[in-house]
Amino acid sequence: MSQEPGADGASEPRGLLTLDELTARVGMSVRNVRFYTTKGLVPPPIRRGRSGYYTSDHVARLELVKELQSHGFTLAAIEGYLAGIPTESSPEDIALRRSMLAPWQAGRPVVLSRDELVRRCDRDVSTEDLQVLEALGIVVPAGSDAFEVAESQLSVGLALLDLGYPLEAAVATGEIYRRHGREIAHELYDVFRRMVWPVYRESGATPETVQAIVERLKPLSIASLVSAYEAGMDETKRENIARKARG
């Protein structure tokens, strides 16, 4: 590996990052990088004499940590998620995982206090109302008196509350969404890993290219899921009608 003089006159390996360069790249403090290294969330730096250097693998894993944090993962949950990633995973593979985690609809949820949520709803919000909204994934607790709220879905949730949508049904519905959502996510990830990324890797594409591909496919994937759901519901209705006719 070729080298060039560093600020202290020592040689720095090309293609590797110093700690300051790493923190600037991922937008983290030196303290946080060292903390995550100590916790084993990222591997230790590569040593060259007395200096430590970082690779694209460190960048990818730290960016994944930030993405998981933005979704409200606790430190223990982040440790568990990263423990499931094989140590031989490439930065491109980790970038793909991060891209699949990123929101699949425009706009991140807003954080509101209980009072702000009540004002936004323009109605009283009971404990059971909150439980229904939480079960549907529209409102997520984010502290002692704060909630992450999917603004684009809030009006839908309020309409369901006005119609007396049962809490038990909301819980069951939310579990169906989560279970099938996980299955779809795993299968889509496998398709990208096995069929998409190898093609682009051979052409010399970067991890950023993979992220751009995923971002462009997200609207199509969402539209396809909606169409498949509508077709499935129509088929279910036809089957029920035919069953009643036979009965």
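Trainee: How many helices and strands does the protein chain have?

Mentor: In this predicted model, the protein chain has 10 helices and 7 strands.

Trainee: What makes the protein chain count as more spread out than a compact globule?

Mentor: The radius of gyration of the protein chain is 23 Å, whereas the globule rule gives 18 Å for 247 residues, and because the value is well over that figure, the chain is called more spread out than a compact globule. The box that the C-alpha atoms fill, taken along the principal axes, is roughly 85 × 45 × 25 Å. Of the 247 residues in the protein chain, 32% are buried, and the accessible surface comes to about 15400 Å², with 54% of it belonging to carbon and sulfur atoms.

Trainee: Why is helix 5 called largely enclosed by the rest of the structure?

Mentor: Helix 5 covers residues 91-101, and 10 of its 11 residues are buried, so the helix is described as largely enclosed by the rest of the structure. The buried residues include Glu92, Asp93, Arg97 and Arg98, together with Ile94, Ala95, Leu96 and Met100.

Trainee: How do you know that Arg61 is buried or exposed?

Mentor: The relative accessibility of Arg61 is 8%, and since buried means under 20%, Arg61 counts as buried. Arg61 is found in helix 3, and, leaving aside its neighbours within four places in sequence, it is in contact with Leu41, Val42, Pro43, Ile85, Pro86, Thr87, Ser89 and Ile94. Ile94, one of these partners, is also among the buried residues of helix 5.

Trainee: Which residues touch the most other members of the largest nonpolar core, and which elements give two or more residues to this core?

Mentor: This core has 20 residues, of which Leu22, Met28, Tyr36, Leu62, Val65 and Leu82 touch the most other members. Two or more residues come from each of helix 1 (19-26), helix 2 (30-38), helix 3 (56-70) and helix 4 (75-83), and helix 3 gives the largest share, 6 residues. Val65, leaving aside neighbours within four places in sequence, is in contact with Met28, Tyr36, Leu41, Ile78 and Leu82. Another core, of 18 residues, lies apart from the largest one, and among its members are Cys121, Val132, Val139 and Leu167.

Trainee: What makes Val125 count as it does, buried or exposed, and where is Val125 found?

Mentor: Val125 is found in the loop between helix 6 (114-121) and helix 7 (127-135). Its relative accessibility is 8%, which falls under the 20% cut-off, and therefore Val125 counts as buried. Not counting residues up to four places away in sequence, Val125 touches Arg114, Val118 and Leu130, while its C-alpha atom is separated by 9.6 Å from that of Asp115, 10 residues apart along the chain.

Trainee: Why is the pair of Phe73 and Tyr81 called edge-to-face?

Mentor: The structure holds 2 aromatic pairs. In the pair of Phe73 and Tyr81, the ring centres are 6.3 Å apart, and rings pair if their centres lie within 6.5 Å. The planes are at 90°, and because an angle over 60 degrees counts as edge-to-face, the pair is given that name.

Trainee: How do you know that Phe73 and Tyr81 are partly exposed?

Mentor: Phe73 has 30% relative accessibility and Tyr81 has 26%; partly exposed lies between buried, under 20%, and exposed, over 50%, so Phe73 counts as partly exposed and so does Tyr81.

Methods:
Residues numbered from 1 in each chain as written. Predicted model: local features only at pLDDT ≥ 70, side-chain atom pairs only at ≥ 80, totals over all residues. Heavy atoms only, no water. Phe/Tyr/Trp six-rings, centres within 6.5 Å; stacked < 30°, edge-to-face > 60°. Buried < 20%, exposed > 50% of the residue type's maximum accessible area, 1.4 Å probe, protein only. Helix = DSSP H or I, 4+ residues; strand = E, 2+ residues; numbered from the N terminus. Contact = heavy atoms within 4.5 Å. Core = buried A, V, L, I, M, F, W, Y, C linked by side-chain atoms within 4.5 Å. Rg over C-alpha atoms; globule rule 2.2 N^0.38 Å. Areas by Shrake-Rupley, 256 points an atom, 1.4 Å probe, with all protein chains shown as cover.
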